[in-house]
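Biologist: Could you teach me how to read a structure like this one, step by step?
Modeller: Gladly. Let's open it and go feature by feature.

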Amino acid sequence: MSLYSRITGTGSYLPPRRLTNADLAAELAVNGVLTSDDWIVERTGIRARHFAAPDVCSSDLGLAAARQALQAANLQAQDIDLIIVATSTPDMVFPSTACILQNKLGAHGSAAFDVQAVCSGFIYALTVADALIKTGAATKALVIGAEVFSRLLDFKDRTTCVLFGDGAGAVVLEASDTPGILASDLHADGKHVGILCVPGHVSGGKTLGDPLLKMDGKAVFKLAVGVLDEAAREVLAKAGKVAADVDWLVPHQANIRIMQSAARKLKLPMEKVIVTVDQHGNTSAASIPLALDGAVRSGTIKPGELVMLEGVGGGFTWGAVLLNL
Ligand code: ACO
């Protein structure tokens, strides 16, 4: 049994179809929905997002990210004994996207399950994988965030459809004698279910309720800024660190203004914040591992540096993970 778990490889994947704000605005205008590059950039920092083709599922995006992460960790699929997929856009009602992905990957026999914590999903999944490794229940885990959020968007609602995109990110987490993950902090408060939800379900062969995303943007903004700061402080305290020790903040990529506010509250300069929201939009559970992989591959985040991951999403859920890369 190992004392610690450590990230030994990262990967990510974006579907090839990229829409700039101007591309999206032109598509929406056909149906009389008006928006502009200026409005989207000013309110959110988003400039482009990727949308998956209709026959592509979360497991396909996650598979591509997982393969990259395995390669980076110098592992084969059959070495993996745990797969956790964080997603709010599963391929099917059941079985889990993790099982579907496991089959595509050829990691037969590993434990595999999904975690549903919306945009905090990757933080939740990483924390669960870390705990399972520390108990000895797993030794080599694939932790994946994968989403086709475009499937949930109401393209007649300009206040939400401009915000989200599709993609996947993955890490390999391995048992280790030296500390990788130092501390985690998870929370939820279900009284906020209504401010961000997809209030539909499948019953009797039909979709009941509304299967498209609903959001009270102002309420989400206010709540997100407060709980991210709370999670950041709690995870630092658990690890015996202070904000000034953090080399890199990798926040959920929802909106540049939320990220700026989170950094400001911690007195971290934006130079220490990994930003991909401009190019990806909000990819929900995929956003943190996508941002992490980009920063690792570009050499921005270096081995040994102290990294804080923090997420917030529907539920409401929120949390943070502090780790040495
Ligand atoms: N293009 C042009 N105009 C728009 C658009 C658009 N896409 N969307 C809304 N508007 C208009 C509104 O109709 C309104 O017009 P009016 O003043 O004539 O009535 C005006 O812009 C202002 O609308 P508000 O809703 O007040 O805009 P606000 O400043 O609150 O910004 C936003 C909206 C960007 C959604 C903001 O509330 C926000 O960022 N909230 C956080 C939401 C978020 O990040 N969610 C992600 C999911 S949750 C998560 O991941 C944590």
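Biologist: Is Arg 233 buried, exposed or partly exposed, and how would I tell?
Modeller: You look at the relative accessible area, where under 20% is buried, over 50% is exposed, and values in between are partly exposed. Arg 233 has 42%, so this residue is partly exposed. Please keep in mind that we are reading a predicted model.

Biologist: Which residue does Arg 233 form a salt bridge with?
Modeller: Here is the general idea to start from. Side chains of opposite charge can pair when their charged atoms come close. In this case the partner is Asp 229, and the closest N and O atoms of the two are 3.0 Å apart. Asp 229 has a relative accessibility of 14%, so it counts as buried.

Biologist: How many residues apart are Asp 229 and Arg 233 in helix 7?
Modeller: They are four residues apart, and helix 7 covers residues 217-239. That spacing puts about one helical turn between Asp 229 and Arg 233.

Biologist: Where else could I look for a pair like that? Which residue forms a salt bridge with Asp 293?
Modeller: Asp 293 pairs with Arg 297, with 2.7 Å between the closest N and O atoms. Both residues belong to helix 10, where four residues, about one turn, separate them. Now check the accessibility of each partner: Asp 293 is buried at 2%, while Arg 297 is partly exposed at 47%.

Biologist: How many of the residues of helix 10 are buried?
Modeller: Eight of its eleven residues are, and helix 10 (residues 287-297) is therefore largely enclosed by the rest of the structure. The buried ones are Ser 287, Ile 288, Pro 289, Leu 290, Ala 291, Leu 292, Asp 293 and Ala 295.

Biologist: And what follows helix 10?
Modeller: Look for Gly 299 after the helix; its phi angle is positive, near 85 degrees.

Biologist: Which residue meets Lys 191 in a salt bridge?
Modeller: That is Asp 189, and the N to O distance between the two side chains is 2.9 Å. Lys 191 counts as exposed, with 65% relative accessibility, whereas Asp 189 is partly exposed at 23%.

Biologist: How many salt bridges does a search of the whole structure find?
Modeller: The search finds nine. Between domain 1 and domain 2, however, the count is zero.

Biologist: Let's turn to those domains. Where does each one run along the chain?
Modeller: The domain assignment gives residues 4-177 to domain 1 and residues 182-324 to domain 2. In the contact between them, domain 1 takes part with 52 residues and domain 2 with 45.

Biologist: How much area do the two domains bury between them?
Modeller: About 3,600 Å², with 63% of it on carbon and sulfur atoms. Three residues are good ones to find on screen: Cys 119, Ile 123 and Tyr 124 supply 17% of the area that domain 1 buries against domain 2, more than any other three residues.

Biologist: How many residue pairs are in polar contact across the interface of domain 1 and domain 2?
Modeller: The rule finds 23 such pairs. You can also ask which elements line the side of domain 1 that touches domain 2; among those giving two or more residues are strand 1 (4-13), helix 3 (58-72) and helix 5 (121-135). Helix 5 gives the largest share, seven residues. Sorted by class, that side of domain 1 has 24 nonpolar, 17 polar and eleven charged residues.

Biologist: Can we finish with single residues? Which residue has its C-alpha atom 4.1 Å from that of Ala 48?
Modeller: The general idea is to compare places along the chain with places in space. The residue is Thr 20, although Thr 20 and Ala 48 are 28 residues apart along the chain. Ala 48 is found in strand 3 and is buried, at 0% relative accessibility. Leaving aside neighbours within four places in sequence, its contacts include Arg 18, Thr 20, Val 277 and His 280.

Biologist: Is Ser 176 buried or exposed?
Modeller: Ser 176 is buried, at 11% relative accessible area. You will find Ser 176 in strand 7. With neighbours within four places in sequence set aside, Ser 176 is in contact with Ser 2, Leu 3, Tyr 4, Ser 5 and Arg 6.

How values were computed: Residues numbered from 1 in each chain as written. Predicted model: local features only at pLDDT ≥ 70, side-chain atom pairs only at ≥ 80, totals over all residues. Heavy atoms only, no water. Domains from an automatic or database assignment. Contact = heavy atoms within 4.5 Å. Buried area = accessible area lost by both parts, 1.4 Å probe. Salt bridge = Lys/Arg side-chain N within 4 Å of Asp/Glu carboxyl O. Polar contact = N/O pair within 3.5 Å; in protein donor to acceptor, adjacent residues only side chain to side chain. Nonpolar A, V, L, I, M, F, W, Y, C, P; charged D, E, K, R; others polar. Buried < 20%, exposed > 50% of the residue type's maximum accessible area, 1.4 Å probe, protein only.
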